[in-house]
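Trainee: Got a minute to go through this one with me? I'd like to start with what the record says and then look at the model.

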Amino acid sequence: MQPPQENTDKVNTHVHTAVPQEDLGRMGNFKRFGAKCVKNSRDNLLLLLLLVSVIMGTGIGFLARNSHVFSKREIMYLQFPGEMLMRMLKMLILPIILSSLIAGIAGLDAKTCGKMGLRCIGYFACTTLLSVILGIVLAVSIQPGKGADSSKLKRYGAATKLNSADTFLDLIR
């Protein structure tokens with residue numbers, strides 16, 4: 001005897017109807033708003049944490065700079081991570097520009113836009129070359145600091161003593 005065959009035709013029994021939300025009063029609306037805020041904050045947790053950390057860092061920076069609790073050396077130690085971040089960002093600017101130019105040109109149709117791509121690369125290379133040549137010519141012709149007499153310069157303060165932490169941070173830089 002064969003087992004009874006199941007009916008393969010499935011009927012959709014799910015019916016969606018829009019039910020208007022009832023007015024729950026001021027506290028109910030506040031709770032609903034709070035629930036939406038919690039749901040959206042979970043979705044954007046990284047963005048919220050980044051915003052909070054930027055605000056806290058700015059506040060701590062203002063407090064640390066205006067209070068005379070820290071010495072200049074301690075402030076230098078606190079500035080070191082931010083200085084390293086800025087140096088890394090500056091180091092990435094030129095490769096990002098070049099890669100975006102190359103990616104933009106690579107995305108174009110080679111036959112129809114080949115001439116435009118070559119012109120773009122040529123323009124970028126020529127302007128870079130001209131700016132380097134102009135900088136060298138101006139530095140050689142003007143010779144900044146040539147006529148300055150270093151014996152007439154007034155010296156204020158004394159040279160700071162370097163310790164091993166300063167040399168280590170300079171090595172990392």
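**Record, helices and a pocket**

Mentor: Sure. An unreviewed UniProt entry lists residues 45-64, 84-108 and 120-142 under "transmembrane region". Keep in mind that what we're looking at is a predicted model.

Trainee: OK, so how much of 45-64 is helix, and how far apart are the end C-alpha atoms?

Mentor: That span is 100% helix with 0% strand, and its end C-alpha atoms lie 28 Å apart.

Trainee: And what about 84-108?

Mentor: There the chain is 92% helix and 0% strand, with 37 Å between the end C-alpha atoms.

Trainee: Let's talk about α3. What span should its 35 residues have?

Mentor: At 1.5 Å a residue you'd expect 51 Å, and the end C-alpha atoms of α3 are 50 Å apart, so the two agree.

Trainee: Where's the kink in α3?

Mentor: At F80, shortly before the proline P81, and the kink is about 35°.

Trainee: Switching topic: what lines the largest pocket?

Mentor: The lining is G57, I60, G61, A64, R65, I75, L78, Q79 and G82. The volume of that pocket is about 280 Å³.

Trainee: Which helices do those residues come from?

Mentor: α2 (45-66) and α3 (72-106) each supply at least two of the lining residues. The largest share is from α2, with five residues.

Trainee: How do they divide into nonpolar, polar and charged?

Mentor: Four are nonpolar, four are polar and one is charged.

Trainee: Last thing, how many salt bridges are there?

Mentor: Counting a Lys or Arg side-chain nitrogen within 4 Å of an Asp or Glu carboxyl oxygen, the model has two. One of them joins the side chains of R73 and D166, at 2.6 Å from N to O.

Trainee: Which parts of the chain does that pair link?

Mentor: Distant ones: R73 is in helix α3 and D166 is in helix α5 (residues 164-172), 93 residues apart.

Terms used
Residues numbered from 1 in each chain as written. Predicted model: local features only at pLDDT ≥ 70, side-chain atom pairs only at ≥ 80, totals over all residues. Heavy atoms only, no water. 1 Å grid on protein atoms, 1.4 Å probe; cavity = no way out; pocket = protein on both sides within 12 Å on 5 of 7 lines; lining within 4 Å. Points joined across faces, edges and corners; volume = space filled by probe spheres on them. Helix = DSSP H or I, 4+ residues; strand = E, 2+ residues; numbered from the N terminus. Nonpolar A, V, L, I, M, F, W, Y, C, P; charged D, E, K, R; others polar. UniProt positions renumbered as here; feature names shortened; annotations may be inferred. Expected span 1.5 Å × (residues − 1). Bend = angle between axes of the 7 residues up to and from the residue.
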